[in-house]
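Welcome! Let us take a walk through this structure together, looking at how a few of its parts fit with their neighbours.

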Amino acid sequence: MLSWEKTSFKTLAIENDGYGGICQRAWIEVNDQALIYNVQQLKSLLSAKTQLMGVVKADAYGHGACKISKTILEAGVNWLAVATLPEGIELRLAGIKAPILILGAIDRPEQIRAIAHWQLQPTICKPQQALVFSETLSYQTEPMPVHLKLDTGMSRLGTPWQQAVEFVKFVQGLPNLKIASIYSHLATADNLDQTVMKQQHQRFEEAIGFCGFSGKNFSGNIRLHLANSAATLTDSALHYDMVRVGLAIYGLYPAPHLQDKINLKPVMQVKARVTQVKTIEAGTGVSYGYQFIAPKQMSLAVVGIGYADGVPRNLSNKMKVIVRDQLIPQVGAITMDQLMLDVSAIPDLETGEVVTLLGQVGKYQISAEDWANTLGTISWEILCGFKNRLPRIAV
Ligand SMILES: Cc1ncc(COP(=O)(O)O)c(C=O)c1O
């Protein structure tokens with residue numbers, strides 16, 4: 001058989017991949033069982049009164065928000081959080097009925113009316129914003145549930161904790177809003193040194209104490225919440241009435257020192273296919289800028305995934321992938337849609353074979369954290385880099 005015939009035969013086999021051929025080039029595998037397991041692990045840390053909010057902003061950290069939301073709600077998550085109005089609408093359009101908090105700041109009347117229409121719940125960061133909400137919603141018969149954000153030290157959204165009492169009283173005095181929760185966000189919960197986190201906790205306690213809310217009991221009216229993944233794993237005193245968990249749901253630890261708290265399983269695997277295999281001679285340059293020159297004759301594989309899919313270009317020449325049962329080095333600059341591998345160790349490699357970029361095959365595992373460590377960034381950024389150009393397949 002001629003080699004091109006062999007290739008087209010293989011391509012045909014790929015099209016019959018059971019997913020209508022969408023796994024022909026590159027894809028993300030979302031492990032539902034791992035997702036459910038992670039939710040159960042997290043819930044085992046929480047007391048019966050503490051609800052679990054799944055943070056599904058940024059397309060569920062690159063995993064695909066609608067599908068992830070449905071699965072985690074079925075697994076026992078009580079609330080969802082998104083960053084933007086369109087993210088919330090996307091979930092409603094997918095038929096999701098659970099309460100959805102928008103974490104970002106919104107203050108335009110047309111957006112406020114959309115929040116009401118889609119029955120989403122906004123974050124209110126300052127009195128002026130609350131006023132705009134209340135005035136805009138004068139046509140409503142029911143008050144809108146709103147979530148007041150206090151800044152206890154993150155220096156991002158929120159009213160300074162010292163002004164909590166005035167803020168709460170002001171919103172309570174407005175006709176078209178009702179306070180559903182008061183919350184704050186921690187800046188350093190994943191640090192081994194807990195000094196700042198303890199200070200923020202103390203400020204939150206003070207603020208809600210001055211407002212007359214107990215930090216320990218949800219009375220059925222106003223929920224209190226403070227913890228992200230790291231704080232949820234660190235200390236149950238930070239759990240209050242609800243925890244807002246993102247990263248841990250997706251099976252990653254916010255920091256190495258938190259790994260013994262519960263067992264988590266990575267949900268995302270990133271895979272792509274070999275699209276061409278060729279032999280190159282010693283001295284041959286590979287990819288843009290010739291950042292790699294073959295030191296000897298070698299076998300090169302082209303793979304159909306690149307930085308436009310979410311593989312950071314700065315990993316060029318620094319990453320390994322798993323092919324069959326081997327760790328294989330990537331060589332040359334990662335391009336927009338493709339990257340190259342030195343596959344000299346697998347002489348019989350064929351077009352169409354699967355390459356695992358993130359995930360586990362046999363004894364090898366490559367995690368978003370490994371990439372983050374190489375790049376000097378955080379695993380959150382690696383996950384969010386995977387946009388919906390890659391189809392997501394539930395496995
Ligand atoms: C306000 C807020 N709460 C909770 C989270 C979830 O954080 P994590 O992914 O560390 O659990 C985020 C994420 O950035 C956030 O912005």
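In which kind of crossing, left-handed or right-handed, does helix 4 pass helix 5? Before answering, keep in mind that this is a predicted model. Helix 4 goes past helix 5 in a right-handed crossing.

Two packed helices are described by the angle between their axes and the distance between the axes. Here, helix 4 covers residues 65–74 and helix 5 covers residues 85–93; they pack at an angle of about 65°, and their axes are 9 Å apart. If you would like to find the place where they touch, look for Ala65, Cys66 and Ser69 on the helix 4 side, which meet Glu87, Glu90 and Leu91 of helix 5. Sorted by class, this contact has 3 nonpolar, 1 polar and 2 charged residues.

Let us stay with helix 5 for a moment. Its buried residues are Leu85, Glu87, Gly88 and Leu91. They lie on the same side of helix 5, because the arc they cover around the axis is only 165°. A general rule helps to picture this: an α-helix has 3.6 residues a turn, so residues three or four places apart point the same way. On the face of helix 5 turned away from the buried side, you will find the exposed residues Pro86 and Leu93.

What do the buried residues of helix 5 pack against? Helix 4 is one of their partners, and the others are helix 3 (57–62), strand 3 (79–82), strand 4 (100–105) and helix 6 (109–117). After helix 5 comes Gly95, which has a positive phi, near 90°.

Now move along the chain to strand 18, which spans residues 354–361. Strand 11 (residues 268–280) runs antiparallel to strand 18, and 4 bridges join the two. To see one of these pairings, find Arg273, whose bridge partner in strand 18 is Val354. Strand 15 (residues 320–323) also pairs with strand 18 in the antiparallel sense, over 2 bridges. There, Val355 in strand 18 has Val323 standing opposite.

Strand 18 has one further pairing for us to visit: 3 bridges join strand 18 to strand 19 (residues 364–366), again with the strands running antiparallel. Val361 has Tyr364 of strand 19 as its bridge partner. Strands 18 and 19 form a hairpin, with 2 residues between them. Gly362 sits in the turn of this hairpin and has a positive phi of about 55°.

Note on methods:
Residues numbered from 1 in each chain as written. Predicted model: local features only at pLDDT ≥ 70, side-chain atom pairs only at ≥ 80, totals over all residues. Axes fitted to C-alpha atoms, helices over the stretch in contact; angles between N-to-C directions. Helix = DSSP H or I, 4+ residues; strand = E, 2+ residues; numbered from the N terminus. Left-handed = near helix turned anticlockwise from the far one by under 90°. Contact = placed C-beta atoms within 7 Å. Nonpolar A, V, L, I, M, F, W, Y, C, P; charged D, E, K, R; others polar. Buried ≥ 20, exposed ≤ 12 C-beta atoms within 10 Å, placed from the backbone. Arc of directions from axis to C-beta. Pairing = 2+ DSSP bridges.
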